[in-house]
Amino acid sequence: MRRSRYLLNTVKETPKEAVVISHQLMLRAGMIKQLASGIYSFLPLALRSLRKIEQIVREEMNAAGAIELLMPSVQPSELWVESGRWQIYGKELLRMKDRKDNDFCYGPTHEEVVTDIVRKEVRSYKDLPLNLYQIQTKFRDEVRPRFGLMRGREFIMKDAYSFDVDDPSADRSYQAMYDAYKRIFSRCGLAFRPVEADSGLIGGSYTHEFHVLAQSGEDEILSCDQCDYAANVERCERQIETRSAAARPFEKVATPGKKSIEDVSAFLNVPAENCLKTLLYQNGETILACCLAGDRELNETALKNLFDGEEVFLVDPQTAQEKYGLPIGFVGPIDLPQSITALVDREIAEGGPWVCGANQVDHHFVGVTADQIRGKIVNLGQTRAGDRCPRCQNGHFTSHRGIEVGHVFKLGTKYSERMGATFLDAQGSSQPCIMGCYGIGVSRTMAAAIEQNFDEQGIIWPLQIAPFHVNLLNLDPSAELTQQTCDSLVTALEAKGIEVLYDDRDERPGFKFKDADLIGLPLQIIVGMRGLQGGTVEIKARRTGQRQQVALAGAVDEVIAQLQELGWGKERV
């Protein structure tokens with residue numbers, strides 16, 4: 001493909017609206033254009049990479065026994081009412097009406113639609129197991145779309161749904177998808193990690209996220225340094241260990257103006273880990289006093305899960321004081337109003353004595369023992385780096401940043417029971433299908449690949465998903481010899497199945513070099529009159545920057561050899 005005939009306009013300056021590196025580089029490299037907030041056009045260079053990711057996904061899904069179909073993106077509200085999600089999904093669901101005033105939504109996911117298909121098509125246990133997938137555009141009306149394709153409103157996703165007769169069969173389907181995902185991200189040339197995770201609004205009893213490891217990742221993931229256990233910080237289990245402190249008589253003490261854990265700790269000369277903080281949350285009409293160690297962050301996901309995923313939010317200081325008589329900064333779990341539900345982190349029941357707020361301005365209790373703290377014992381605290389691993393008991397957690405690109409769920413019968421997706425078993429009895437759900441953010445994977453593969457000059461594409469394999473640069477496009485040489489190289493390389501972007505533009509060499517590094521194709525072939533006079537061309541490896549002069553007669557073989565070292569030719573047959 002000749003650059004002079006290709007829609008590819010690069011930008012020198014970094015756009016002001018771009019914060020993360022993938023957004024910056026995709027805009028600068030002429031890959032995407034914003035149409036509206038969180039909505040982008042994929043220009044030709046980006047589309048080539050997307051299609052390669054899609055092809056890898058398609059090949060591995062097919063190899064794992066999944067069957068491709070395509071479902072409507074616009075979905076009737078009746079299906080969502082049946083599943084119970086029309087009311088609870090929230091403002092991320094883009095709702096609309098047709099000319100007959102019927103309610104529809106633009107699908108953010110397709111559990112309802114695929115369940116409707118299966119309940120109409122599947123009759124017997126002999127029709128199962130069944131795994132259906134599609135690659136399609138989705139829309140979620142993010143409140144703050146940002147970071148380009150990383151947190152857009154419209155995106156390309158692969159979603160698959162398995163249907164099985166029982167739990168052992170569903171476990172096999174889940175494992176098949178888990179293994180397929182590992183192959184997919186490996187073939188994309190990415191460093192990734194599968195971790196246990198929370199199922200969120202989709203629901204389900206068991207789930208893993210697949211994260212591309214990158215410093216810019218929105219998610220924190222924790223992994224044990226001694227065993228294979230890894231989990232999203234929202235889901236990560238904790239080893240509860242006893243926190244003890246020197247004995248001290250129980251009493252109320254004055255702490256004038258000392259609201260924060262840091263201030264109280266310093267004022268009373270007590271370690272922050274032996275102070276308690278009590279946070280007031282609201283769930284519907286219920287006020288929750290959540291008590292945990294002062295050096296521990298509250299896990300809001302764990303709190304929501306106590307209420308089946310329903311929203312919880314912090315009570316503002318004015319409401320806390322005026323309605324409940326509780327001064328923020330001095331709230332504690334002792335002698336709370338009876339109208340408030342107390343939740344106590346399990347870690348508190350295993351230690352002490354503690355310091356906590358006395359529910360009175362400028363006062364705290366000291367010498368508080370676990371048996372003085374009333375409330376339901378639950379897991380509220382968030383696991384962090386350095387905590388002991390509960391699985392192996394020996395290791396400790398280390399922290400990584402990750403970009404979620406895939407998610408696999410074991411859904412069970414949540415949708416099949418509500419929507420009547422049943423089958424007749426061998427005894428003729430009606431049974432609900434056991435379901436699984438498996439998603440990959442195709443467009444997000446492309447952005448995540450850039451977040452993991454770049455330098456100061458631009459993108460460094462993994463070969464497997466690079467838009468082209470080779471960038472051929474003609475440094476003297478007006479010279480007949482360089483024209484003929486480049487034309488011959490393009491013909492010879494393409495005959496071998498190598499994809500070539502040929503920069504035949506009448507531009508300065510320095511401009512072409514910067515463009516080539518920005519676009520980041522795996523190899524560059526540099527053709528100029530000076531080299532040709534000596535019978536050579538230059539080959540540059542984008543990732544290492546290594547350059548070498550090679551004889552023109554052996555250039556194609558050298559390109560093939562370097563591409564093979566990068567994994568070319570090892571694709572699934």
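**Exercise 1.** In this predicted model, decide whether glutamate 54 is buried or exposed, and describe the salt bridge that glutamate 54 forms with arginine 51.

*Solution.*
Step 1. Glutamate 54 has a relative accessible area of 7%. Buried means under 20%, so glutamate 54 is buried.
Step 2. Arginine 51 reaches 44% relative accessibility. That value falls between the 20% and 50% cut-offs, so arginine 51 counts as partly exposed.
Step 3. In the salt bridge between arginine 51 and glutamate 54, the closest N and O atoms are 3.0 Å apart.
Step 4. Both residues belong to helix α2 (residues 44-63). They are three residues apart, about one turn of the helix.

**Exercise 2.** Find which parts of the chain are tied together by the salt bridge between aspartate 345 and arginine 238, and state whether each partner is buried or exposed.

*Solution.*
Step 1. The closest N and O atoms of aspartate 345 and arginine 238 lie 2.6 Å apart.
Step 2. Aspartate 345 sits in strand β17 (residues 340-345), while arginine 238 is in the loop between β12 (230-232) and β13 (251-254). The pair therefore ties together parts that are 107 residues apart in sequence.
Step 3. Aspartate 345 has a relative accessible area of 0% and is buried. Arginine 238, with 14%, is also buried.

**Exercise 3.** Describe the salt bridge between arginine 384 and aspartate 387, and name the network to which these two residues belong.

*Solution.*
Step 1. The side chains of arginine 384 and aspartate 387 meet at 3.8 Å, N to O. The cut-off for a salt bridge is 4 Å, so this pair qualifies.
Step 2. Arginine 384 is partly exposed at 28% relative accessibility, whereas aspartate 387 is buried at 11%.
Step 3. Salt bridges with shared partners join Arg384 and Asp387 with Arg238, Arg243, Asp295, Arg296, Asp345 and Glu347 in one network. The pair from Exercise 2, Arg238 and Asp345, thus appears in this network.
Step 4. For the whole structure, the count of salt bridges is 42.

**Exercise 4.** Locate histidine 208 and list its surroundings.

*Solution.*
Step 1. Histidine 208 is part of strand β10 (residues 206-213).
Step 2. The relative accessible area of histidine 208 is 9%, so the residue is buried.
Step 3. Setting aside neighbours within four places in sequence, the contacts of histidine 208 are Tyr174, Tyr178, Val195, Glu196, Ala197, Gly406, His407 and Val408.
Step 4. With one of these, tyrosine 174, histidine 208 makes a side-chain polar contact of 2.7 Å.

How values were computed: Residues are numbered from 1 along each chain as its sequence is written. This is a predicted model: local features need pLDDT of at least 70, side-chain atom pairs count only at pLDDT 80 or more; totals for chains, interfaces and linings use all residues. Side-chain values use heavy atoms; hydrogens and water are left out. Helices (H or I, at least four residues) and strands (E, at least two) are DSSP runs, numbered from the N terminus. Buried means under 20% relative accessible area, exposed over 50%, partly exposed in between (1.4 Å probe, protein chains only). A polar contact is a pair of N or O atoms within 3.5 Å; within protein, one must be able to donate a hydrogen and the other to accept it, and residues adjacent in sequence count only if both atoms are side-chain atoms. Contact means heavy atoms within 4.5 Å.
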